[in-house]
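User: Hi! Could you walk me through how some of the labels for this model were reached?

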Amino acid sequence: MTDQRGLFLYGIVPSDVEPTPDAVGVGDPPGEVIAVQHGELAVLASEVGLEEPIGRPADLTAYQTLLDGTAEVAPVLPVRFGTVVTGEDAVADLLDAHHDQFAAALDEFEDRIQYTVHGRFDEQELISRLLAENPAAADLAEQVRGRPEAESREQRIRLGEMISQAVELSREAENRQLVEAAGRFAVRDAARPPSHELDAVNVAFLVAVDDEDEFVGAVEEFAEQRRGLVRMRLLGPLAPYDFVSAHQLVD
């Protein structure tokens with residue numbers, strides 16, 4: 001029985017975009033990345049077995065690496081990770097069905113890239129500040145200090161609730177202040193859900209290439225002001241994962 005093959009889709013690009021010779025696709029072994037052209041559009045794709053399991057960490061890394069590298073030189077619409085079609089005819093059908101939307105979106109993302117700002121509170125520093133500013137929390141901390149957990153369960157629960165509420169309120173303030181500080185150098189921003197209970201900020205920004213330096217400078221200044229309280233990371237440049245609509249992602 002022969003292995004049935006299909007095409008794993010990465011992203012939609014203008015028809016003149018070609019993958020670099022060293023581009024690595026998903027699968028084991030990795031497939032060769034090609035550009036399937038149709039009219040003014042193309043889809044970056046690679047061949048995979050239709051029964052081949054896709055979803056290893058290496059596959060996600062290959063998907064993101066290809067898209068992020070493409071976004072640095074050309075507009076690209078990420079296709080939802082794991083999308084596999086039966087062949088080039090299916091690609092043509094996809095591009096025909098959404099041609100105008102894809103073309104308009106590619107125009108929107110011309111010379112624009114995504115940056116994601118992620119920060120996490122230092123737990124001990126956050127708790128220290130909470131206890132210094134909140135007498136009720138400080139009193140509860142004193143009540144549980146040195147006592148067995150079973151004897152101080154109620155106080156520990158109340159203190160934990162206070163800490164959780166403080167994290168939530170601080171997170172809302174930090175995200176708002178980040179957008180105020182760096183958003184003026186971005187075309188759009190999109191709040192992302194916390195990935196950890198101690199997340200301080202998690203926001204994606206769509207940034208014009210001409211404004212990259214000013215944007216990065218604003219983020220660095222924001223991070224410096226919170227040194228010791230928040231550990232910040234700036235991820236990018238990236239493909240515009242957080243700024244494509246549902247039909248552009250291709251379900």
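Analyst: Happy to! On the other side of H3 from its buried residues, Asp100 and Asp107 are exposed. This is a predicted model, in which local features need pLDDT of at least 70, side-chain atom pairs count only at pLDDT 80 or more, and totals for chains, interfaces and linings use all residues. Residues are numbered from 1 along each chain as its sequence is written, and side-chain values use heavy atoms, without hydrogens and water.

User: What makes Asp100 and Asp107 exposed?

Analyst: Exposed means over 50% relative accessible area and buried under 20%, with partly exposed in between (1.4 Å probe, protein chains only). Asp100 and Asp107 are classed as exposed, so each lies over 50%.

User: And which residues of helix H3 are buried?

Analyst: In H3 (residues 99-108; helices are DSSP runs of H or I with at least four residues, strands E runs with at least two, numbered from the N terminus), these are Phe102, Ala105 and Leu106. They span an arc of only 100° around the axis, which puts them on the same side of H3; the arc is taken from the directions from the helix axis to the C-beta atoms.

User: Why do strands E7 and E9 count as edges of the sheet?

Analyst: Two strands pair if DSSP finds at least two bridges between them. The open sheet runs E7-E8-E6-E9 with antiparallel pairing. E7 (188-191) and E9 (230-238) each have a single partner strand, so one side of each lacks a neighbour in the sheet.

User: How do you know that E6 and E9 pair?

Analyst: E6 (residues 112-121) and E9 share seven bridges in the antiparallel sense, and at least two are required, so they pair.
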